[in-house]
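Subject: Structure handover

Hello,

Here is the structure I promised to pass on. Please open it and keep it beside this note while you read.

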Amino acid sequence: SAKASVGESVDYKIIGIDPGAGLMKATAAAVEEYELSDWDVVEGSGAAMTAALKKAYNKKEPIIITGWTPHWKFSEFDLKYLEDPKGVFGGEENINTIARLGLAEDHPSAYKVLDQFNWTADEMADVMVKITDGEDPEKAANEWIKANADKVSTWTEGVEKVDGDKITLGYVAWDSEIASTNVISQVLTELGYNVTLRQIEAGPLWAGVADGSLDASVAAWLPITHADYYEKFEGKFEDLGPNLKGTKIGLVVPSYMDIDSIEDLNK
Ligand code: PBE
């Protein structure tokens, strides 16, 4: 019998995440550019995507997901990015910290910590893996902070303690941002802040920092993934620069699949 095409083998589905993610916009662009008109990008969430991946992987079944680095899935499963010869997903980029206008004046200590916050993909992975293994995000963040006091002291250098001042941080439920947001939240808590974490979609997150209802977020993927949001709200937020360098987004498959490029999806 004829071998099923890649499309047939996965029912012409790419397993996506939340519709507000820049990765979903990039995937829609890839569908256009690579002429994948038979294909559907399934909306869901980061958690639904990793659940589908786990299920397929355990049965060695084919699956195509929207993926990003840093993410624990690469240490848990043997995966590969599909090559993107048209460059639709862009190259390496950064995760930036963004703050509402006026935060520096209103909460100088929090502002300084947020401005000084930066770490590596490996450090973020330490926290992500703990959370994936079932640990409570707050606890995982606390343990990481205790084990990495030298690093954390570079973020809190020259920062004065406060007495219960309120700070609200926004984040989207992407595993990478669950890790980073909990870490920075715990650092601010130790400095005396009363921190509220608000989990929302990417659009409302950017809007919230721009309208001042959120104080800050460490979840801005720039310059490409969140370029639309950046342009939409330019001038209404402050960009504090990268907190993590060298991220990547794209289409990801298990290494056991016999394809290497997005162009192979048309075969
Ligand atoms: N992500 C993870 C996000 C940014 C963080 C790649 C899923 C996005 O696509 O917007």
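Two residues count as being in contact when heavy atoms of theirs lie within 4.5 Å. Keep that cut-off in mind for the domain counts below. One caution before them: this is a predicted model.

**The two domains**

The chain is assigned two domains. Domain 1 is made of two segments, 6-91 and 249-266. Domain 2 covers 94-246. Their C-alpha centres are 27 Å apart.

How many residues of each domain are in contact with the other? There are 18 from domain 1 and 18 from domain 2.

The size of an interface is often given as the accessible area lost when the parts come together. Here, domain 1 and domain 2 bury about 1,400 Å² between them. Carbon and sulfur atoms give 60% of that area. On the domain 1 side, look at Trp68, Pro70 and Trp72. They supply 37% of what domain 1 buries against domain 2, more than any other three residues.

**Polar links across the interface**

Seven residue pairs are in polar contact across the interface of the two domains. Which elements of domain 1 supply at least two residues each to the side that touches domain 2? They are helix H2 (22-33) and strand S3 (65-69). H2 gives the most, with three residues. By residue type, this side of domain 1 has eight nonpolar, eight polar and two charged residues.

Side chains of opposite charge can pair when their charged atoms come close. The model has nine salt bridges in total. One salt bridge crosses the interface between domain 1 and domain 2.

Look also at the salt bridge between Lys25 and Asp228, with 3.8 Å from N to O. The pair joins distant parts of the chain. Lys25 sits in helix H2 and Asp228 in helix H12 (residues 227-232), 203 residues apart.

**The ligand**

Next, the ligand. Which residues surround it? They are Ile17, Ala21, Gly22, Leu23, Trp68, Trp174, Glu177, Trp221, Thr225, His226 and Ile249. Trp68 is thus on this list and also among the three residues that supply 37% of the area domain 1 buries.

Three of the surrounding residues are worth a look up close:

- Gly22: a polar backbone atom is 2.7 Å from an oxygen atom of the ligand.
- Leu23: a polar backbone atom is 2.8 Å from an oxygen atom of the ligand.
- His226: an N or O atom of the side chain is 2.7 Å from an oxygen atom of the ligand.

Best wishes

Terms used:
Residues are numbered from 1 along each chain as its sequence is written. This is a predicted model: local features need pLDDT of at least 70, side-chain atom pairs count only at pLDDT 80 or more; totals for chains, interfaces and linings use all residues. Side-chain values use heavy atoms; hydrogens and water are left out. Domain bounds come from an automatic or database domain assignment. Buried area is the accessible area (1.4 Å probe) that two parts lose on being put together, summed over both. A salt bridge is a side-chain nitrogen of Lys or Arg within 4 Å of a carboxyl oxygen of Asp or Glu. A polar contact is a pair of N or O atoms within 3.5 Å; within protein, one must be able to donate a hydrogen and the other to accept it, and residues adjacent in sequence count only if both atoms are side-chain atoms. Helices (H or I, at least four residues) and strands (E, at least two) are DSSP runs, numbered from the N terminus. Ala, Val, Leu, Ile, Met, Phe, Trp, Tyr, Cys and Pro count as nonpolar, Asp, Glu, Lys and Arg as charged, and the others, Gly among them, as polar. A residue is near a molecule or strand if one of its heavy atoms lies within 4 Å of it.
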